[in-house]
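Hi everyone, thanks for making time. Let's have a look at this one together.

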Amino acid sequence: MPFMKHRLKYITALFLGLLILSVSQLPGTEAGSLSTDYREFTYAATHYFDATFYGHYVYFPYWAQEHIWDRHVLGYDMSYKHETTFYPVGEYVAGRHLPETMDGYEMVYLIEDTIEYGHVHFSGDKVVITYYLPYWEYRDYGISEMKVVLEKEYYYGHPYYEVLTAYPVSGPDVAVYEDGHWVD
């Protein structure tokens, strides 16, 4: 009888191990995928982001970081909007594995480049900046056009800008979800 108890424990442990292994292979559960890229993105946005716009400091608030990550990487609320575009960081969104041509640090670097080199359109206190990537960035990231939206704010009478959102517009590795389906 004690032999059967040990054998049952062994079989149970083997079964649980195989179950854990099979669950770890499900889409979206890759080690380092979401957690590593998200940590890189928020760390770079908080500690390394250094942009100015027309001589004024640009602040990248935490809530904007969360919005960009949740909407344009993970796809939250994508079905409520006409169109959502995605950074190619290799996530699984709505049953589709998106391309992986950049990481969290590179997302922040690209947002800085957009602010520094993009074409500016003012609309009241909001600024929409469109950046057409040079060939070497386009080739590396698979993104041909980016947009960043800033809003002018004041701190004790001194102007500064806040990042509201930043997203890829087009490119061979930019996935587009439009009106409830993927655009190929």
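Okay, let's start with a pair of strands: E2, residues 56–59, and E9, residues 158–170, run parallel and are joined by 2 bridges. By strands I mean DSSP runs of E with at least two residues, while helices are H or I runs of at least four, both numbered from the N terminus. Two strands pair if DSSP finds at least two bridges between them. Within E2, Val 58 sits opposite Tyr 161 of E9.

Quick housekeeping: this is a predicted model, where local features need pLDDT of at least 70 and side-chain atom pairs count only at pLDDT 80 or more, though totals for chains, interfaces and linings use all residues. Numbering runs from 1 along each chain as its sequence is written, and side-chain values use heavy atoms, leaving out hydrogens and water.

Zooming out, there's an open, mixed sheet of 6 strands, ordered E1-E2-E9-E8-E7-E6. E1 (51–53) and E6 (119–123) are at the edges with a single partner strand each, so one side of each has no neighbour in the sheet. From one strand to the next, the twist averages 35° (axes are lines fitted to C-alpha atoms, for helices over the stretch in contact, with angles from 0 to 180 degrees between N-to-C directions).

Now for one residue: is Thr 130, over in strand E7, buried or exposed? Buried, with a relative accessible area of 9%; the cut-offs are under 20% for buried, over 50% for exposed, and partly exposed in between, using a 1.4 Å probe and protein chains only. Among the residues Thr 130 touches (heavy atoms within 4.5 Å), not counting those up to four places away in sequence, are Gly 118 and His 119.
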